[in-house]
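Trainee: Please pick one small part of this model and go through it closely. After that, please show how other parts can be read in the same way, and how they sit in the whole.

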Amino acid sequence: MATLDLFSSEPATPDPTPEYVQLQALRAQLHYHAHQYYVLDMPTVPDAEYDRLFRELQALEAAHPEWVTPDSPTQRVGGKPLDAFATVRHVVPMLSIRTETDTESTGAEAFDARVRKELELTETDALVEYVAELKFDGLAMSLRYEQGVLVQAATRGDGEYGEDVTQNIRTIGQIPLKLPEGVPAVLEVRGEVYMRRDDFEAMNEKQREKGEKTFVNPRNAAAGAVRQLDPGIAAQRPLSFFAYGLGEVTPAEQGGPAFATHYAMLQTLKSWGFPVAAQVDTAQGAPELIAYHQRIGAARDQLPYDIDGVVYKVNSLALQRQLGFVTREPRWAVAHKYPAQEQITKVLGIDVQVGRTGKLTPVARLDPVFVGGTTVSNATLHNLFELRRKRARVGDNVIVRRAGDVIPEVVGVVAATRPTYVPNFRMPRTCPICSSAVVREKTEMNHRCSGGLFCPAQRKQAILHYAQRRAVEVEGLGEKLVEQLVDTQVIRTLPDLYKLGLTALAALDRMAEKSAQNIVDALEKSKQTTLPRFLFGLGIRHVGEATAKELVRHFGTLDAIMDASEEALTGVSDVGPIVAKSLHTFFAQAHNREVVEQLRACGVTWVEGEAAAQAPKPLAGKTFVLTGTFPTLSRDQAKDLLEAAGAKVAGSVSKKTNYVVAGAEAGSKLDKAQELGVPVLDEEAMLALLQAQPE
């Protein structure tokens with residue numbers, strides 16, 4: 001059995017130049033790193049290093065276009081849009097398999113009984129060994145390799161003829177473009193193109209933010225991506241791949257592989273660089289098939305991708321050949337499905353939920369329906385614009401989808417089953433939880449509650465944001481402790497933090513007296529902060545660390561910031577109309593001002609105004625860039641020290657950069673600094689510079 005050795009590569013010329021040798025080595029390294037990242041989920045180099053190698057290869061290929069080959073990593077995304085897909089005839093047809101939808105036991109038992117009958121086995125004969133696999137909810141694909149290079153990818157189509165989607169399939173990082181030495185001269189790998197749930201949700205969220213159409217489910221999204229005529233668009237869709245079988249392969253008598261079992265074949269595909277699902281297993285007879293079906297069913301919701309069943313296959317390839325086919329289905333395989341994850345039900349009402357970040361989400365109250373293994377009575381409609389696009393109203397019959405841990409959602413309306421007239425749903429003008437004003441910026445789709453510090457729905461998020469290291473910083477006050485404090489109503493508002501005593505903390509579950517004392521001490525320490533940290537800690541939408549610092553530089557005091565008009569706020573560097581409106585709306589809420597005053601009354605204080613301006617700024621006007629890992633300081637700590645000394649800390653290196661501070665495993669920023677001749681410091685030199693007095 002060949003092993004994955006993507007570093008080996010044969011020169012295309014009998015006497016290769018040093019540049020060509022370097023090009024081949026770069027390709028081998030990039031193939032290896034891509035396999036580790038996409039297939040094994042074990043990255044071997046930082047992204048910056050991979051990007052550096054990739055750029056180096058691009059430069060070599062640009063200088064020598066005659067050396068560009070289809071298996072080069074640079075060719076994953078490329079090619080002009082197609083007018084149409086070419087038709088591909090499958091040498092070995094891509095047949096469908098029979099489906100069982102019976103209960104856990106009868107589906108497996110019926111299949112095993114049919115197999116034993118066809119093989120003329122009696123009750124006293126040995127159990128048949130099977131391979132049990134997942135039935136992915138994606139798009140079947142055939143990958144054709146010749147001499148170890150991917151030359152064609154085709155959809156199933158009608159089983160005999162499919163579509164050539166090679167350009168789009170090249171964009172999938174999990175699919176190898178070049179195979180290791182020792183693979184058959186002709187190798188067709190069959191498998192499934194799919195989309196992970198988290199990738200699907202992230203993609204749909206981006207679509208919503210842009211006000212564009214969302215996708216119904218991961219399968220439709222994957223199928224749509226594969227059938228994009230423009231490979232550049234396909235490359236933007238996060239697709240994945242699992243291998244599960246073979247099509248045409250060089251025969252054993254001509255040097256091809258001689259597999260005895262289906263399971264051995266899958267393990268060989270894995271060794272050649274193809275992703276194979278970890279849940280593949282062997283099973284002895286019907287009892288172990290039933291156990292597999294139950295085990296996968298119990299874990300189905302925790303899988304990172306959708307499945308709609310499991311597949312049983314006779315493991316012995318000799319027995320597969322003996323069993324053969326009936327019509328267009330193999331006798332040696334069957335799909336055993338699970339209950340559907342989409343169902344139809346009626347919308348009884350539309351409510352509004354307020355999330356921990358203040359986002360208002362319309363939620364359909366449903367006639368309860370069993371979908372995806374559980375009873376669903378509520379489903380998200382995401383936002384007002386998504387709701388309007390789907391044209392959902394009270395009384396409609398709708399398709400509801402639930403997959404894994406994804407919140408149930410209304411996919412669309414089935415038909416116009418509502419009464420003669422039902423008014424459109426409208427978002428409330430005030431928060432249903434705290435009555436603060438509801439706002440929506442023109443550039444985004446979501447409505448939000450403006451009472452961040454005051455709103456009970458946002459209480460936990462507000463406290464965690466305020467206590468984080470980059471804000472006021474209360475060491476030890478993590479998510480679990482905040483959950484406990486809020487859920488037990490020990491804390492009702494942010495200022496309640498500073499009223500916590502040792503007795504109340506020590507009474508909490510799993511809170512020792514020493515830990516409680518540490519929290520009390522951390523709270524006392526946090527009272528001495530800076531105005532930018534405090535302002536950032538208030539959690540005002542769009543006001544990040546940099547904006548908070550600019551506001552303080554411009555106005556000097558918190559009162560001046562709170563009383564500033566929108567027009568005055570836009571006079572601050574880094575503050576545009578959207579940020580100004582957000583700030584003004586926040587401080588226009590009386591309860592937000594009340595929280596600020598209560599925090600001050602609790603002893604939270606900072607230096608502001610002229611006193612802050614008079615602090616020494618030895619690095620004023622200097623721009624620094626940080627890269628790598630430092631011996632004693634975190635990147636955030638180093639940034640704080642530099643900014644306190646008046647320096648600006650930028651994210652990228654340019655000719656205007658005064659210094660780059662580099663630690664261990666510094667990336668491309670260090671290369672750029674050396675290229676531009678920017679002075680490079682280590683942590684010790686940076687600290688020495690900080691201690692120097694201004695001239």
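Mentor: Start with serine 435, which is found in the loop between strand S18 (409-415) and strand S19 (438-439). The model is predicted, so read every value below as computed from that prediction. The backbone angle phi of serine 435 is near 70 degrees, a positive value in a residue other than glycine. Next, ask how much of the residue is uncovered. Serine 435 has a relative accessibility of 55%, and it counts as exposed because the cut-off for that word is over 50%.

A second residue can be read with the same two steps. Glutamine 489 is not a glycine either, and its phi is positive, at about 60 degrees. Its place is in the loop between helix H13 (479-487) and helix H14 (502-506). Its relative accessibility is 48%, so it counts as partly exposed, a term for values between 20% and 50%.

Helix H13 also helps to place glycine 476, which sits in the loop between helix H12 (459-467) and H13. Glycine 476 has a relative accessible area of 56%, and it is called exposed because that value is over 50%. Its contacts come next. With neighbours within four places in sequence left aside, glycine 476 is in contact with Leu481 and Ile519. A distance can be added to this: asparagine 592 is 116 residues away from glycine 476 along the chain, and the C-alpha atoms of the two are separated by 26 Å.

For a buried residue, turn to leucine 538, in the loop between helix H16 (531-537) and helix H17 (545-555). Leucine 538 has a relative accessible area of 3%, so it falls under the 20% cut-off and counts as buried. Not counting residues up to four places away in sequence, leucine 538 touches Leu453, Phe586, Phe587, Val596 and Leu599. Threonine 657, by comparison, is 119 residues from leucine 538 in sequence and 32 Å from it in space, C-alpha to C-alpha.

Two residues in helices can be treated likewise. Glutamate 566 lies in helix H19 (residues 566-569). It is partly exposed, with a relative accessible area of 33%. Beyond the residues up to four places away in sequence, glutamate 566 touches Ala580, Lys581 and His584. From glutamate 566 to alanine 645 there are 79 residues in sequence and 30 Å in space, C-alpha to C-alpha.

Glutamine 637 lies in helix H23 (residues 635-644). At 39% relative accessibility, this residue counts as partly exposed. Arginine 469 is 168 residues away from glutamine 637 along the chain, yet their C-alpha atoms are separated by 9.8 Å.

Now step back to the whole protein. It has 25 helices and 24 strands, and its C-alpha trace spans about 90 × 75 × 55 Å along the principal axes. Of its 695 residues, 47% count as buried, and leucine 538 is one of the buried residues. Take the contacts between residues at least 6 apart in sequence: 67% of these join residues at least 24 apart. The accessible surface comes to about 33900 Å², and 50% of it belongs to carbon and sulfur atoms. The protein has 77 positive and 88 negative charges, and the mean positions of these two sets are 6 Å apart.

The last item is empty space. Rolling a probe the size of a water molecule over the atoms shows where such space is left. The largest pocket has a volume of about 1400 Å³. It is lined by 44 residues, and the closest to its centre are Arg190, Gly245, Leu246, Lys313 and Trp332. Several elements each supply at least two residues of this lining, including strand S3 (129-136), strand S4 (139-146), strand S7 (186-194), strand S10 (307-314) and strand S13 (333-337). Helix H8 (262-271) and helix H10 (317-323) are also among them. Strand S8 (240-249) belongs to this list as well, and S8 gives the most to the lining, with five residues.

Definitions and conventions
Residues are numbered from 1 along each chain as its sequence is written. This is a predicted model: local features need pLDDT of at least 70, side-chain atom pairs count only at pLDDT 80 or more; totals for chains, interfaces and linings use all residues. Side-chain values use heavy atoms; hydrogens and water are left out. Helices (H or I, at least four residues) and strands (E, at least two) are DSSP runs, numbered from the N terminus. Buried means under 20% relative accessible area, exposed over 50%, partly exposed in between (1.4 Å probe, protein chains only). Contact means heavy atoms within 4.5 Å. Accessible areas come from the Shrake-Rupley method with a 1.4 Å probe; for residues, only the protein chains shown count as cover. Lys and Arg count as positive and Asp and Glu as negative; His and the chain ends are not counted. The place of a charge is taken as NZ of Lys, CZ of Arg, CG of Asp or CD of Glu. On a 1 Å grid over the protein atoms alone, a cavity is a set of points where a 1.4 Å probe fits but cannot get out, and a pocket is an open set with protein on both sides within 12 Å along at least five of seven lines; lining residues have an atom within 4 Å of a point. Grid points are joined across faces, edges and corners, and a volume is the space filled by probe spheres set on the points.
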